[in-house]
Amino acid sequence: MMRRMMLLLIVLMLGGVVSAQDSDAEWSVWVYDRNEGMAIQVDTAGVILENVTLPIPAPYNTFTFSENLAVSPDGNKLAYTVNGVNGDTERISTFIVYDTARDAVTFAYDTPEYALATSLNFGSRAFNSTGNVVAFGYATGDALETQTWELLVFNAVDGRILSDLTPEATYFENQADTLAPYLLPVIPFYGESVLTFSLIPYQTLDFSQDFTAYDWDIVTGRISRTDRAPRLTGDALSNGEIVTPTTDERVNYDTASAPYANALHVYRPELGAKVPFFATQTYDLRDVHFGRGGAEVIVLAEDFLTFEFVRLVVLRNGVSQTLPNINPVGNVTIGTPEGFTYVIDNPTPFLITVDTRDSEFPQTPIWQAPDGSQFVPVWASSSEDLSEEAWLQLAPPIFDTQSLIEDLGTDDSSDTGIAASDVSSAGVQGGAITIDTVAVINTTGGDRLNMRDAAGLSGSIIARVENGTRVVVLDGPVAIDGFTWWEVRLPTGLEGWVVERADGVQTLLPVN
């Protein structure tokens, strides 16, 4: 008892402590211990709302749980995997969705072959933003020549398979990218219908590299390459904003140092592009998580001078501050309305909340975990306010190089861009086209806008750009041949000149 009291005293001395009951927002957090197969939901007052021993399918004699636990947006459904051996000493794997509100397994899916790795080994995202659909990826094959993978999408209510994807299909433009050995689909983002998955070599220990990633629209079947979530060390909000540590030599990069992640990029879905909002020559940025409802990010970084790891709080406007030293279990932190939460790595662990609204970063223990346990937070409610606070933009956007691979079950004549009505009317009427901003091509009647290699009608046509295409404005305006010309960059990287207006139609619209 004395040891526990001393540990609690140490925790309380970590910073100025405020009472959990004084918090101005009610929320709860799920914590997960894979060693014990337990999940516990705790509220801001430290009250245990749910205490679940995760059900295990009957055939298992020995088993292990997945590294991560996925939680539906409403906090009611838990998704996990179990790997092990049955009574016939056969290796088997099962993907399970458990409904805490019903206290029952919603469904259990046995993989046709033993899963050497699953998507929940490398991330805790499985449910879409509505919680009615859940995805699961796994890799199989003991021998090199039998290595393969599958990505499945289920109805989260009844377990029906809605769609599945395999590397042997003709969806992919580069079979070598999808058939290489030891690949596994991992899910960094899942919106309402668009699932983003990365193909990673699951035996890798280095997650500071960029992986091949795809967007898969489950409704239309469209699959395209994407750059929105290039690394697994980032985090995503339900509105599609994704933050990732990366190397960006355009902003505050020290070329004399060994290659390092100097910048934070945020993928802005309204632009269809990534922009850098923070850059440093002092730290190698390792991983990042949204905090305080998405108003900021919490960054794990290595200091080049001391070689020590620190955590930074970085706001959307790029302002940063160093956090006091914290020691989370597994380096896992989860955002909350006030800041973030973590479980301190002690023999007697505590669930700690940090209020990042206060520059002193007060920390509050709200729940004591069992001695020796390895609980980590995996989900927090009311953690996103999806604030419209503007992101700082340190350099021009980097557009998603989405090249359509296959459009399954859709009409080729359908408009795949955005309509002029989707552009802010304030941006059209009161805004102006300026360099280093985003604009959208606006044509009517299925026309395409000519792009030329030089301003003026004498320039050669190098592309015909579809309605709704987003472009970065590089140069202009230039008045030649009775038209106003702007140099723009397409999402493919092609650069050329287009007119601002033709035949009474404003063909280049500013986007606010």
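The paragraphs below lead through a predicted model, from one of its sheets to its salt bridges, its largest nonpolar core and two hairpins.

Because the model is predicted, local features need pLDDT of at least 70 and side-chain atom pairs count only at pLDDT 80 or more, while totals for chains, interfaces and linings use all residues. Residues are numbered from 1 along each chain as its sequence is written, and side-chain values use heavy atoms, with hydrogens and water left out.

A first place to look is an open sheet of four strands, in which the order is S21-S22-S23-S24 and the pairing is antiparallel. Strands here are DSSP runs (E, at least two residues) numbered from the N terminus, and two of them pair if DSSP finds at least two bridges between them. The edges of this sheet are strand S21 (283-291) and strand S24 (320-322), each of which pairs on one side only. From one strand to the next the twist averages 30°, where axes are lines fitted to C-alpha atoms and angles run from 0 to 180 degrees between N-to-C directions. S21 and strand S22 (residues 296-303) are joined in the antiparallel sense over eight bridges, and histidine 289 has isoleucine 298 in S22 as its bridge partner. In general, strands of a sheet pair through backbone hydrogen bonds, either parallel or antiparallel.

Charged side chains add another kind of link. A salt bridge is taken to be a side-chain nitrogen of Lys or Arg within 4 Å of a carboxyl oxygen of Asp or Glu, and by this rule the count comes to 15. One of them joins aspartate 284 to arginine 286, with the closest N and O atoms 3.2 Å apart, and a network of salt bridges links Asp284, Arg286 and Glu302. Aspartate 284 is buried at 13% relative accessibility, whereas arginine 286 is partly exposed at 33%; buried means under 20% relative accessible area, exposed over 50%, and partly exposed in between (1.4 Å probe, protein chains only). In another salt bridge, between aspartate 355 and arginine 357, the closest N and O atoms are 2.9 Å apart; here aspartate 355 is buried at 14%, and arginine 357 is partly exposed at 41%.

The largest nonpolar core has 29 residues, of which Leu54, Leu69 and Trp367 touch the most other members. Such a core is a set of buried Ala, Val, Leu, Ile, Met, Phe, Trp, Tyr and Cys residues joined through side-chain atoms within 4.5 Å. Several strands each supply at least two residues of this core, among them strand S1 (28-33) and strand S28 (363-368), and the largest share, four residues, comes from S1. If neighbours within four places in sequence are left aside, leucine 54 is in contact with residues including Tyr32, Phe65, Leu69 and Tyr80, contact meaning heavy atoms within 4.5 Å.

Further along the chain, strand S35 (residues 470-480) and strand S36 (residues 483-489) pair in the antiparallel sense over six bridges, with alanine 479 opposite threonine 484 in S36. Their hairpin has two residues between the strands, and aspartate 481 takes a positive phi near 60°. S36 also pairs with strand S37 (residues 495-499), in the antiparallel sense and over five bridges, and in S37 valine 499 is the bridge partner of tryptophan 485. The hairpin of S36 and S37 has five residues between the strands, and glycine 493 in its turn has a positive phi of about 100°.
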